[in-house]
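Hello,

Here is the structure I promised to pass on to you. Have a look at it first, and then read on for my notes on what turned up.

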Amino acid sequence: MTAPLTLAPAWRVVGHAVVALLCLSVLVPMLVVFGTAFKPPNEVYQLQPWPSAPTLDNFAALLGEKRFGLYLWNSVATVTIRVVAQVVIALLAAYAFARWDFPFREPLFVLVLAGMMVPPQLTMIPLYMLMADLDWFDTWAALIIPHLAMPYATFLLRQHLMAIPKELYESARIDGAGSWRALWDIVVPNLGPALAAVCIVLSIDGWNEYFWPMLMSTEPSSRTVQIGLREFVEEDFGNYGVLMAGVTLASLPILGLFFAFQRHIVETFVSSGVKG
Amino acid sequence: MGASRPEALVLSPSTEEGRRARRFPPWTAPALYLAPMVVLLALFTYWPLIHTVWLSVVKWSLVPGRPSVFVGADNFAAVVASPLFEAAAWNTALYLVASIPLKVILPIPIAVFLWSLGPRGHVYRTVLFLPTLISFVVVSVVVLWLLNPMGGHVPTLLRMVGIAMGNPLTDAHAAIWVVIGLSAWKVMGFHVLIYLAGLASIPRDNIEAMRIDGASDWQVLRDLIWPLLAPTTLFVLISTIIFTLQQTFTPIDILTEGGPQNGTTNLFYLVYQLAMRSFDVGQGAAGTVMLFAGLLVLIWAKFRLLDRRVEYDR
């Protein structure tokens with residue numbers, strides 16, 4: 001595949017310079033953060049990003065006195081449960097829209113999609129009051145349940161479902177399979193990449209969430225990684241080495257996930273953002 | 001739009017579903033599949049939405065048992081009269097106006113450049129995309145640290161070349177630019193990706209044809225690429241307007257909490273403070289409704305303009 005457009009050499013140089021600079025603005029801070037996380041306390045303020053004698057002390061302090069292990073656990077558990085539930089619920093809804101024709105299907109679809117456009121600001125006050133009434137502060141339920149409906153995922157999955165040929169459903173029916181069996185035995189295996197991409201996007205959103213977990217957390221034991229990091233800043237900002245270790249731990253899981261599934265994510269962001 | 005859609009099930013009585021179907025209407029199955037999503041949306045999206053609107057026009061009673069009193073526009077008036085409102089409104093305008101060149105325009109030449117590189121541009125693309133994966137919390141914490149006058153890398157490096165730099169985060173006028181810059185940096189890669197997708201759908205033949213006619217780079221860009229990118233640009237523009245206020249919440253909360261002297265607060269942050277800090281539910285709801293009304297206008301504008309633009313190009 002050749003490039004679609006060739007620019008004049010002068011523009012190419014400028015282009016490389018600008019983009020390289022931007023890339024440096026991404027990579028250098030990352031390097032500094034990562035390097036500082038492994039630095040002993042006396043080296044933290046030095047300019048050179050990498051430690052002369054790497055140490056894991058910062059991570060030990062993080063997981064020990066800073067209880068970051070608990071925050072990590074909260075994040076991992078709530079995000080995992082939440083993403084699985086979100087995907088299943090969205091998939092079932094997408095299946096309904098794609099496979100059947102029923103009264104009010106179009107208006108219902110619009111209603112579901114419109115749910116996507118309601119900004120969180122508009123629902124936060126009553127939801128907060130609801131959480132208070134249910135006494136769900138500091139619970140996993142508060143972090144998981146209000147966010148289970150993800151119309152965007154339904155929209156995306158429906159696109160892919162509609163691309164599945166009728167013949168597949170037909171053959172399932174002939175074999176005597178009900179819609180449930182057809183869904184799991186035939187449809188889902190064909191949805192692999194789309195499902196993976198949706199999972200990853202939802203995971204990123206869940207893991208990096210700040211606003212709602214901040215509202216819901218009143219005591220340390222219920223904090224997620226992001227809230228834990230924020231509280232760290234309030235409590236002990238000067239402790240840079242350990243802070244950077246915290247930043248590292250808060251970012252690594254998603255970065256790792258990304259590099260493992262790189263292609264799917266890029267395709268999803270790209271195909272969903274514009275074509276829709 | 002239903003060309004490739006499977007028809008409604010015709011169930012034969014020999015299948016179990018067929019037997020069940022004779023007792024239930026045909027929409028039972030889809031209704032069941034749809035139920036969780038619809039119920040959840042009703043409970044956690046639509047009901048709170050209606051409740052917020054109701055809260056904005058009543059004086060909500062904290063005493064259980066005593067009904068809330070309808071007060072019409074009082075809450076709205078109180079929000080506008082709030083000393084924070086003016087600062088928040090001005091800042092909101094600045095956030096939006098400054099975000100547009102940085103987040104909507106700037107990614108375009110970058111995307112075009114990467115597109116011109118073909119597969120060799122993938123490395124750049126991936127690196128630029130990385131900020132999308134890390135949280136605003138992480139970015140804010142790192143910025144806080146890098147800019148710290150005591151030991152932060154930026155002041156240290158600048159001091160080495162003789163520039164003494166105060167902490168922009170404590171300057172009432174400069175602080176907002178830190179937030180703006182931070183949020184532009186974070187979404188750059190994502191927007192570049194969206195533009196790349198838009199560029200990918202530009203037919204090469206048209207470019208070839210223009211080249212054969214002797215068109216220069218600039219002409220191809222201006223006459224072919226820019227118009228064809230218009231729907232994408234509009235999409236990014238409206239998304240930026242809608243999401244900038246929300247996205248800047250985290251940096252504001254972590255870096256400055258709206259200060260210094262209301263230098264970084266915006267309408268969304270103001271609403272948050274009214275509702276969650278002062279616990280003035282009525283004002284918080286009113287502020288939210290006003291914000292939402294503004295967003296609705298923008299969303300409506302998006303669809304109107306987008307439809308019209310797309311028609312021109314087809």
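**What I found**

B:Thr45 counts as buried, because its relative accessibility is 12%. Before going further, please keep in mind that this is a predicted model. The residue sits in helix H2 of chain B, and it is a good place to begin, as the contacts of B:Thr45 include A:Gly115, A:Val118 and A:Thr123 from chain A. B:Leu40 of chain B is also touched by B:Thr45, when residues up to four places away in sequence are not counted.

**Where H4 of chain A meets H2 of chain B**

B:Thr45 also takes part in a helix contact between the chains. Helix H4 of chain A, residues 105–115, packs against helix H2 of chain B, residues 28–56, with the axes 10 Å apart. How are these two helices oriented to each other? The angle is about 50°, and H4(A) and H2(B) are therefore oblique. Their crossing is left-handed. On the H4(A) side the contact is made by A:Leu108, A:Leu111, A:Val112, A:Ala114 and A:Gly115, and on the H2(B) side by B:Leu34, B:Met37, B:Leu41, B:Thr45 and B:Tyr46. Eight of these residues are nonpolar and two are polar, with no charged residue in the contact.

You may also like to look at H4(A) by itself. Which of its residues are buried? They are A:Arg105, A:Phe109, A:Val112 and A:Gly115. These residues cover an arc of only 115° around the axis, so they lie on the same side of H4(A). What they pack against is helix H3 (68–99) and helix H7 (151–162) of chain A, together with H2 of chain B.

Just before this helix there is a backbone detail to look at. A:Phe104, in the loop between H3 and H4 of chain A, has a phi near 70°, which is positive although the residue is not a glycine. Most residues other than glycine have a negative phi. With a relative accessible area of 63%, A:Phe104 is exposed. Another case is A:Asp138, with a positive phi of about 60° in a residue that is not a glycine. A:Asp138 belongs to the loop between helix H5 (120–134) and helix H6 (140–144) of chain A, and it counts as partly exposed because its relative accessibility is 22%.

**H3 and H10 within chain A**

H3(A) has another partner in helix H10 of chain A, residues 192–207; the axes are 9 Å apart and the angle is about 140°. That angle makes H3(A) oblique to H10(A), and the crossing is right-handed. From H3(A), the residues that meet H10(A) are A:Leu72, A:Ser75, A:Val76, A:Val79, A:Arg82, A:Val83, A:Gln86 and A:Val87. H10(A) brings A:Leu195, A:Val198, A:Cys199, A:Leu202, A:Ser203, A:Gly206 and A:Trp207. This contact consists of 10 nonpolar residues, four polar ones and one charged one.

**A buried arginine facing chain B**

Now for helix H12 of chain A (residues 225–236), where you will find A:Arg230. Is A:Arg230 buried or exposed? At 6% relative accessibility, A:Arg230 counts as buried. Leaving out residues up to four places away in sequence, A:Arg230 touches A:Tyr210 in chain A and B:Val137, B:Asp253, B:Ile254 and B:Glu257 in chain B.

**Chain B**

One of those partners, B:Val137, is among the buried residues of H7(B). Helix H7 of chain B (residues 136–146) is mostly covered, with 11 of its 11 residues buried. Across chain B, 53% of the 314 residues are buried. The chain has 15 helices and two strands. Of its contacts with a separation of 6 or more, 65% are between residues 24 or more positions apart.

B:Asn91 is a nice example of parts of the sequence coming together. This residue is in helix H4 of chain B, residues 83–105, and is buried, with a relative accessible area of 11%. B:Asn91 and B:Leu267 are 176 residues apart in sequence, yet their C-alpha atoms are 8.1 Å apart in space. Beyond its neighbours within four places in sequence, B:Asn91 is in contact with B:Ile176, B:Asn262, B:Gly263, B:Thr264 and B:Thr265.

Enjoy exploring it!

Best wishes

Technical notes
Residues numbered from 1 in each chain as written. Chains lettered and ligands numbered in written order. Predicted model: local features only at pLDDT ≥ 70, side-chain atom pairs only at ≥ 80, totals over all residues. Heavy atoms only, no water. Axes fitted to C-alpha atoms, helices over the stretch in contact; angles between N-to-C directions. Helix = DSSP H or I, 4+ residues; strand = E, 2+ residues; numbered from the N terminus. Parallel < 35°, antiparallel > 145°, perpendicular 65-115°, else oblique. Left-handed = near helix turned anticlockwise from the far one by under 90°. Contact = heavy atoms within 4.5 Å. Nonpolar A, V, L, I, M, F, W, Y, C, P; charged D, E, K, R; others polar. Buried < 20%, exposed > 50% of the residue type's maximum accessible area, 1.4 Å probe, protein only. Arc of directions from axis to C-beta.
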